[in-house]
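Here is my note on the two-chain question you raised. Please read it with the coordinates open.

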Amino acid sequence: MRLPRPVHNYLVRHAQVALNSLGRLYRTPFASLMTIAVLGIALALPSGLYLLTGNLQKLGAQWDGGANLSLFLHKSVSVSQAQALRKKLAQWPEIASVQLITPEQALAEFRELSGFGQALDLLDDNPLPAVLAIKPGAQYSTANAAAALTEKLRALPEVELAQLDLKWVKRFNAIVEIVQRAIWVMAALLGLAVLLIVGNTIRLEIQNRREEIEITKLIGATNRFIHRPFLYAGLWYGLFGALFGALLVELALLQLLDPVRRLAGLYRSSFSLDMLSAGELFYLLAGGAFLGLLGAWIAVGRHLSAIEPR
Amino acid sequence: MIRFDHVSKRYPGGKDALQAVNLHLPTGSMAFLTGHSGAGKSTLLKLIALLERASRGQVFLDGENLSRTSKRRVPMVRRKIGMIFQNHRLLFDRTVFDNVALPLVIAGYRHQEIGRRVRAALDKVGLLGHERAFPITLSGGEQQRVGIARAVVNKPKLLLADEPTGNLDPDLSRDIMQLFEQFNQVGVTVLIASHDLDLISRMPYAQIHLEQGQLQNTGEVAGV
C-alpha cells in the first residue's frame, strides 16, 4: 500500500524530528544519562513495589491453609455417612481437598496432645463428633468467597457447625491492600516527579535554544514546528527513563531471586519470584513515554509562547 | 507590494516610533530606508514582518491587510519575506547548508528539493563549496552572504534587510548591495534600511527618509 504524498511527507518529517531529538540527547550523553537515571529511579520504585506485592499475593494464595474450614458433623452421623459426604464434597469445584477426621482419630489425637489422657478414660463413650477439614480452592480462598462457601456448607443437614478460620487471611489481605494503596499514592507522587523533572529539563533546553527558536520563528516556523523537537525529547526521556527503571527492577529482583528460592525451599514450597511480564514491561514503557511527553507538553506550553522574536 | 496607510506605532511607555506614515512600495521596486538610529527604521520593518503590530493605521503586504492577520497565519506571512539582519542571526551549531536549508525545512520541502535549492542559493551568493563549514569559521562578509542565501532560498517576493552592511568594510558592502540589485533584477521587491548614505547615494534607487518617526518625503516609490 502506498501512502498519499502529504501523509508520507508528514510521517517522514516526524521521523526526522524524532531522530534529531534522539541525536541531541546523544550529543550531551552525561546530562541525558543523569536525567534518564533520575527518571528511571522514580519509575523503578513504584513498579518494583508493585511487583513485590503481586508476589506477596501469589504467596498468600499458595500458602497452605490460606483459609481453613472445619465442618463439625452431628453426632448421629455415622462414619460411613461421613465418608459419603466427604466424597460428595470433594467433587465441589470450590473445594480443593477434604479430609475426614473420625471421632476415634479425633479422640486419639486429643489424648496425645492435650495431656488429659487419663481423664478421657473415665468417659463412657467418645464425646467428639466427626470432623471434615476442608481446604477451599485458590480462587475461593479470599475472605468473601470463603465466607460464602461456609454459608453453603452450613446449610447441609449433616453439619452441626461450620467454622471458618479466616482471621489471618483477612489480616494478610488487609495488609496487602494497605501496601497496595500506599504504592498507588507513591506512584502518583513519583509520576508527578517525572512530570516535573522532564518539564524542568525541557524548560532548560528551551532557554538554551532561545536564539534558535527566535530565528526559526523569524523565518516563518509555526508553533507546531517549534514544539515538535521538544515534545519528542520529552518522549525519549520518558521512554529511556522507563527502560532504565525496568532494568533496575529486574536487577533488584535478580538479587532477591536466590535467597527467596532458598527460603521457600526451607518451607518446602516451590514459590519463586515473578519478574516483569511482557505486558507489565509494555505498560511501564508506555507510561514512562506518556509522562515524558506530558511533562514536555506542559513546559512547551508555558515557556515557548513567551519567546517572540524581536 | 507594501503599503502603509496612516500607520502609527506607539510602544508601551509612550514612545512614538512611527507617526502617520504613508508609504507605497510597488512590486518589483527597490528602495532604501534611511534615517538616524531611533528614527523608526527598524520599527517600520518589524511592522511588515509582523514582529510588531501597528497602533493605528493599516499595513498591507501583497494585498493582505496585516492588521487583520490572525496569530496562526503570522508564520505564513513571514514565509513570503526574506529577512536579513545586521548581526546575521545564523545558527552557530549548524553547518552553512543547514542554516540555508532552514526555511525550506520549515516549509516542509522534500529532501532532494532542499539540496538542489540550497546549492542554487549558495551559488548565487558565491559560497558554493562552503556547505559543510560552520558559520564561525567564515568572515563577517561571508556570514552575511549565508544570511542572504537563507533569505532568498525559498524565493520570497520581498526582501527586507536591516542594516545588512552595518559591520562590513566599504568593498564588502558594495558586493552585498550588488547582490541585492541582482535579486531585484529578477523581480524581487527589496527594501533596505541603512545609514550608509555614502554608499546608497551612488545607487539609483528611491530613498525613504525617516526622522523621529515621520516620513520626510512622499513615500511614493516609483514602480518599475
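The points below cover the interface, the salt bridges, the pockets and the cavities of this predicted model.

1. Extent of the interface. Chain A and chain B bury about 1800 Å² between them. Of that area, 58% is on carbon and sulfur atoms. The contact takes 20 residues from chain A. It takes 20 residues from chain B.

2. Main contributors on chain A. Which three residues supply more of the area that chain A buries against chain B than any other three? They are A:Ile215, A:Leu218 and A:Ile219, with 33% of that area. A:Ile219 also appears in the lining of the largest cavity, taken up in point 8.

3. Polar side of the interface. The rule finds three salt bridges across the interface of chain A and chain B. One of the salt bridges in the model joins the side chains of B:Arg89 and A:Glu211, at 3.8 Å from N to O. Four residue pairs are in polar contact between the chains, counting pairs with both residues at pLDDT 80 or more. On the side of chain A that touches chain B, helix 1 and helix 8 (210-218) each supply at least two residues. Helix 8 of chain A gives the largest share, seven residues. By class, this side of chain A has six nonpolar, four polar and 10 charged residues.

4. Salt bridges overall. Side chains of opposite charge can pair when their charged atoms come close. Over all chains, the search finds 21 salt bridges. A:Glu214 forms one with A:Arg210, with the closest N and O atoms 3.5 Å apart. Both residues lie in helix 8 of chain A. They are four residues apart, about one turn of the helix.

5. Largest pocket: size and centre. The largest pocket has a volume of about 1000 Å³. It is lined by 33 residues. Nearest its centre lie A:Gln16, A:Asn20, A:Phe225, B:Arg94 and B:Val105. Both chains are thus named at the centre.

6. Largest pocket: make-up of the lining. Which element gives the most to the lining of the largest pocket? Helix 1 of chain A does, with 10 residues. Helix 8 and helix 9 of chain A each supply at least two residues of this lining. On chain B, helix 3 (96-107) and helix 4 (111-124) each supply at least two as well. The classes come to 14 nonpolar, 10 polar and nine charged residues.

7. Second largest pocket. About 700 Å³ of space lies here. The lining has 27 residues. A:Thr222, A:Asn223, B:Lys71, B:Arg72 and B:Pro75 lie nearest the centre of the second largest pocket. Helix 9 of chain A, with helix 2 and helix 3 of chain B, each supply at least two residues of the lining. Helix 2 of chain B has the largest share, five residues. By class, the lining of the second largest pocket has 10 nonpolar, four polar and 13 charged residues.

8. Largest cavity. How many cavities of 30 Å³ or more are there? The count is two. The largest cavity has a volume of about 70 Å³. Its lining is made of A:Ile219, B:Arg78, B:Arg79, B:Ile81, B:Gly82, B:Met83, B:Pro103, B:Arg150, B:Ala151 and B:Asn154. Helix 2 (74-79), strand 6 (81-85) and helix 5 (140-152) of chain B each give two or more residues to this lining. Strand 6 of chain B has the largest share, three residues. Five residues of the lining are nonpolar, two polar and three charged.

9. Second largest cavity. The second largest cavity has a volume of about 40 Å³. A:Ser21, A:Arg24, A:Leu25, A:Glu205, A:Arg209, A:Pro229, A:Phe230 and A:Ala233 line the second largest cavity. Helix 1 (5-27) and helix 9 (223-266) of chain A each supply at least two residues of this lining. Its residues divide into four nonpolar, one polar and three charged.

Key. Residues numbered from 1 in each chain as written. Chains lettered and ligands numbered in written order. Heavy atoms only, no water. 1 Å grid on protein atoms, 1.4 Å probe; cavity = no way out; pocket = protein on both sides within 12 Å on 5 of 7 lines; lining within 4 Å. Points joined across faces, edges and corners; volume = space filled by probe spheres on them. Nonpolar A, V, L, I, M, F, W, Y, C, P; charged D, E, K, R; others polar. Contact = heavy atoms within 4.5 Å. Buried area = accessible area lost by both parts, 1.4 Å probe. Salt bridge = Lys/Arg side-chain N within 4 Å of Asp/Glu carboxyl O. Polar contact = N/O pair within 3.5 Å; in protein donor to acceptor, adjacent residues only side chain to side chain.
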